Amino acid sequence: MPLERVKSTSDGCLLERAKAQVTLRPAVEETELPQKLYNLLEGKGFQAWMEGVALLLDLCKSSPQLISTNIVQSFDYFVLRISDSHKKVRQKALDVLAEIIGVLEDALNPVVIGLVEGITNNPNSKDPRVHATAVKALEESIAHLGIVSLMKEFSYQWSKLSGQALLDVTERITVLVQWVYPRSPEVVQHYALPMLWSFLGNKVLPVRSANVRAVVTKLASALYKVMGTKLKTRAAGQPPHVWANLSNILGW
């Protein structure tokens with residue numbers, strides 16, 4: 001009997017030790033892996049940054065809850081790499097962002113402002129690969145993130161943009177118009193409509209630039225499709241040349 005009692009006690013200790021090890025490993029991962037990620041993303045040099053970006057992708061796939069729990073701090077560091085001066089780092093970060101948007105989805109809501117700012121800073125890149133990955137990230141954000149929040153953030157960044165970035169973001173806002181209006185018409189009227197007036201208020205661009213005219217025509221058409229005669233009513237309150245440009249574009 002004593003021998004059996006000793007054996008039972010020993011087995012119990014081994015079981016408790018095994019349970020402790022199982023419990024300890026996730027706890028260690030919750031602190032060590034995020035810290036490793038931060039250290040790499042804010043580290044010095046190309047190699048560390050590339051490793052950090054790759055680690056973020058791996059963690060998003062293998063431990064999405066871990067990244068979601070540490071989303072704000074993780075993306076505070078990651079956004080730096082989206083805007084990195086090193087083209088290869090920036091392209092890799094944008095590629096990874098486009099992929100993980102579909103993995104994390106709503107978990108990214110707390111960091112949408114920083115992500116949108118980081119993405120929209122890139123479409124003007126002279127490197128076609130960086131531009132392509134930025135556009136891909138824009139498309140993925142529309143497909144997986146909150147559309148109302150995106151319209152607000154795209155609109156805020158829009159006022160700071162120029163060149164191709166301005167056109168790329170305007171095209172994505174045009175897509176959002178048809179989805180946001182049925183839910184929040186006031187958001188479209190407050191954020192998207194002023195963009196149309198801004199384009200049409202410029203007496204040169206809508207006429208002399210074919211690219212701009214095509215983008216403005218899509219935006220005007222999308223707004224007219226959801227607003228109907230309300231767009232005409234709003235346009236009537238704009239300066240005469242704005243009304244004239246809109247009438248010319250929509251064939252009124």
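These exercises, with worked solutions, explore a predicted model of a protein.

**Exercise 1. The overall fold**

Task: Find how many helices and strands the protein has, and what share of its residues is buried.

Solution:
- Step 1. Count the elements. The protein has 14 helices and zero strands.
- Step 2. Read them from the N terminus. The order is α-α-α-α-α-α-α-α-α-α-α-α-α-α.
- Step 3. Turn to burial. Of the 252 residues in the protein, 43% are buried.
- Step 4. Look at contacts between residues at least 6 apart in sequence. Of these, 68% join residues at least 24 apart.

**Exercise 2. The nonpolar core**

Task: Work out which residues have the most contacts inside the largest nonpolar core, and which helix gives the most to this core.

Solution:
- Step 1. Recall a trend. In soluble globular proteins, nonpolar side chains tend to be buried together.
- Step 2. Take the largest nonpolar core. It has 76 residues, and those with the most contacts inside it are Phe75, Phe78, Leu97, Leu196 and Leu223.
- Step 3. Find the main contributor. Helix H10, residues 185-201, gives the most to this core, with nine residues.
- Step 4. Follow one core residue. Leaving out residues up to four places away in sequence, Leu97 touches Phe75, Phe78, Ile82, Leu115, Ile119 and Ala137.

**Exercise 3. Two aromatic pairs**

Task: Describe the ring pair Phe75 and Phe78, then the pair Trp243 and Trp252.

Solution:
- Step 1. Choose the quantities. A pair of aromatic rings is described by the distance of the centres and the angle of the planes.
- Step 2. Search the whole structure. There are five aromatic pairs.
- Step 3. Describe one of them. Phe75 and Phe78 lie 5.4 Å centre to centre, with 85 degrees between the planes. That angle is over 60, so the pair counts as edge-to-face.
- Step 4. Place these two rings. Both are in helix H4 (residues 71-82), three residues apart, about one turn of the helix. An α-helix has 3.6 residues a turn, so residues three or four places apart point the same way.
- Step 5. Check burial. Phe75 has a relative accessible area of 2%, and Phe78 has 0%. Buried means under 20%, so both count as buried.
- Step 6. Describe the tryptophan pair. Trp243 and Trp252 are 5.4 Å apart centre to centre, and their planes make 45 degrees, a tilted pair.
- Step 7. Check burial again. Trp243 is partly exposed at 33%. Trp252 is partly exposed at 30%.
- Step 8. Add a third ring. Ring pairs link Tyr224, Trp243 and Trp252 into a cluster.

**Exercise 4. Charges over rings**

Task: Find which ring lies under Arg81, and which lies under the charged end of Lys232.

Solution:
- Step 1. Start with Arg81. It lies over the face of Trp49, at 4.5 Å from the ring centre.
- Step 2. Look at the burial of that ring's residue. Trp49 is among the buried residues of H2.
- Step 3. Move to Lys232. Its charged end sits over the ring of Trp252, 4.9 Å from the centre.

**Exercise 5. Helix H5 and what follows**

Task: Test whether the length of H5 agrees with the expected span, then find the kink and the residue after the helix.

Solution:
- Step 1. Take the expected span. At 1.5 Å a residue, the 18 residues of H5 should span 26 Å.
- Step 2. Compare. The end C-alpha atoms of H5 are 25 Å apart, which agrees.
- Step 3. Look for a bend. H5 has a kink of about 25 degrees, centred on Ala98.
- Step 4. Check the centre of the kink. Ala98 is one of the buried residues of H5, which also include Leu94, Leu97 and Ile101.
- Step 5. Find the partners. The buried residues of H5 pack against H2, H3, H4, H6 and H7.
- Step 6. Step past the end. H5 is followed by Glu105, in the loop between H5 and H6.
- Step 7. Read its backbone. Phi of Glu105 is near 45 degrees, a positive value in a residue other than glycine.
- Step 8. Read its exposure. At 34% relative accessibility, Glu105 is partly exposed.

**Exercise 6. Buried or exposed?**

Task: Decide whether Gln157 is buried or exposed, and do the same for Lys225.

Solution:
- Step 1. Locate Gln157. It is in helix H8, residues 147-158.
- Step 2. Classify it. Its relative accessibility is 3%, so Gln157 counts as buried.
- Step 3. List its contacts. Beyond residues up to four places away in sequence, Gln157 touches Val116, Glu117 and Thr120.
- Step 4. Locate Lys225. It lies in helix H12, residues 210-227.
- Step 5. Classify it. Its relative accessibility is 70%, so Lys225 counts as exposed.
- Step 6. Compare sequence and space. Lys225 and Gln178 are 47 residues apart along the chain, and their C-alpha atoms are separated by 8.1 Å.

Key:
Residues numbered from 1 in each chain as written. Predicted model: local features only at pLDDT ≥ 70, side-chain atom pairs only at ≥ 80, totals over all residues. Heavy atoms only, no water. Core = buried A, V, L, I, M, F, W, Y, C linked by side-chain atoms within 4.5 Å. Buried < 20%, exposed > 50% of the residue type's maximum accessible area, 1.4 Å probe, protein only. Helix = DSSP H or I, 4+ residues; strand = E, 2+ residues; numbered from the N terminus. Contact = heavy atoms within 4.5 Å. Phe/Tyr/Trp six-rings, centres within 6.5 Å; stacked < 30°, edge-to-face > 60°. Lys NZ or Arg CZ within 6 Å of the ring centre and 35° of its normal. Expected span 1.5 Å × (residues − 1). Bend = angle between axes of the 7 residues up to and from the residue.
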